Amino acid sequence: MVTKIVRNFNFSQICRSGQCFRMNEREDGRYAVIAGNRYLEVWQDKEQCYFDCEDTEFEIFWKHYFDLEEDYENYIKQISTEDVYLKTAADFGSGIRILRQDLWEMIVSFLISQQNNIPRIRRCIQNICEAYGKKQKNRQGTYYSFPEPEVLAMLGEDDLKACNLGYRSKYVVRTAKSIAGHELDLEEISKMPYLTAREELLKLYGVGEKVADCICLYALHKFEAFPVDTHIRQALEQHYGQGFPTDKYEGFQGVMQQYIFYYELYGKQILQKELVK
């Protein structure tokens, strides 16, 4: 068991932030996290965080995965006092951190995310893992690893429709074939600067600008990436008529994007409920 006091860190907010799809809240208030072939249970009491793993595993993997050494409070402090909307969004989602997730898993996850919602994306990924991932066992029970590209590359283009992917099945299978066939080198992409990596990802079948930016932000940890979906576009139109002030947040605009996305998804609902009361 590892215990840490961490500021600006909230498992619930991270779980619902739309960046990870294999982190789930349990009935006992704990969160189960699966990353690749690893499994972890976590929970917290305010800033006191509990990681149910050995010290060594925490140091070599989970500390990095949760981006615990990054100073997110410093990012929030740099928000302009005149930008009331962004300050409100950042305060609301101040426990969010950008996870350092596996590149292949994020490529598949965000191919599936197109024209989809978070609960359905979770189910699709769970279906894929149970059907094609390796069965793993630990003291907490059974779970499934994320299937390798070579496994999904063996499938027909429509085979993943059985996992509820619909038309996205061919996106995932064709991409798996490209990677398994070494048309694209994931290890090389991981070393590239943001714009170069983005261009490489855009070569994959089904990957557009928004998906490429999501992959860059949530897998490659490129904070310059600023994915624009429907929620973000609406926020930009309403609050940033001249465009988001990227120059003010150069190098960490992706963190600001996450605050905006989370606030648009959940913050307004809570404010509306409070107004009704």
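Modeller: Before we start, axes here are lines fitted to C-alpha atoms, and angles run from 0 to 180 degrees between N-to-C directions. Also, keep in mind that this is a predicted model.

Biologist: Got it. What makes helix 10 oblique to helix 11?

Modeller: The axes of helix 10 (residues 194-201) and helix 11 (residues 209-218) cross at roughly 130 degrees, coming within 9 Å. Roughly perpendicular covers 65 to 115, and roughly antiparallel means over 145. That is why helix 10 is called oblique to helix 11.

Biologist: And which residues make the contact?

Modeller: Helix 10 brings Y194, R198 and L201, while helix 11 brings E209, A212, D213, I215 and C216. Those split into five nonpolar, three charged and no polar.

Biologist: Why is helix 11 called largely enclosed by the rest of the structure?

Modeller: Buried means under 20% relative accessible area. Eight of the ten residues of helix 11 are buried, so the label fits. Among them are V211, C214, L217 and Y218.

Biologist: Now the sheet. How do you know which strands stand at the edges?

Modeller: Look at the order: the open sheet of five strands runs 1-5-4-3-2, with antiparallel pairing. Strand 1 (2-5) and strand 2 (23-25) each have a single partner strand, so one side of each has no neighbour in the sheet.

Biologist: What makes strand 3 and strand 4 a pair?

Modeller: Pairing takes at least two bridges. Strand 3 (residues 31-35) and strand 4 (residues 38-45) have five, in the antiparallel sense. In one of them, A32 is partnered with E41 of strand 4.

Conventions
Residues numbered from 1 in each chain as written. Predicted model: local features only at pLDDT ≥ 70, side-chain atom pairs only at ≥ 80, totals over all residues. Heavy atoms only, no water. Helix = DSSP H or I, 4+ residues; strand = E, 2+ residues; numbered from the N terminus. Parallel < 35°, antiparallel > 145°, perpendicular 65-115°, else oblique. Contact = heavy atoms within 4.5 Å. Nonpolar A, V, L, I, M, F, W, Y, C, P; charged D, E, K, R; others polar. Buried < 20%, exposed > 50% of the residue type's maximum accessible area, 1.4 Å probe, protein only.
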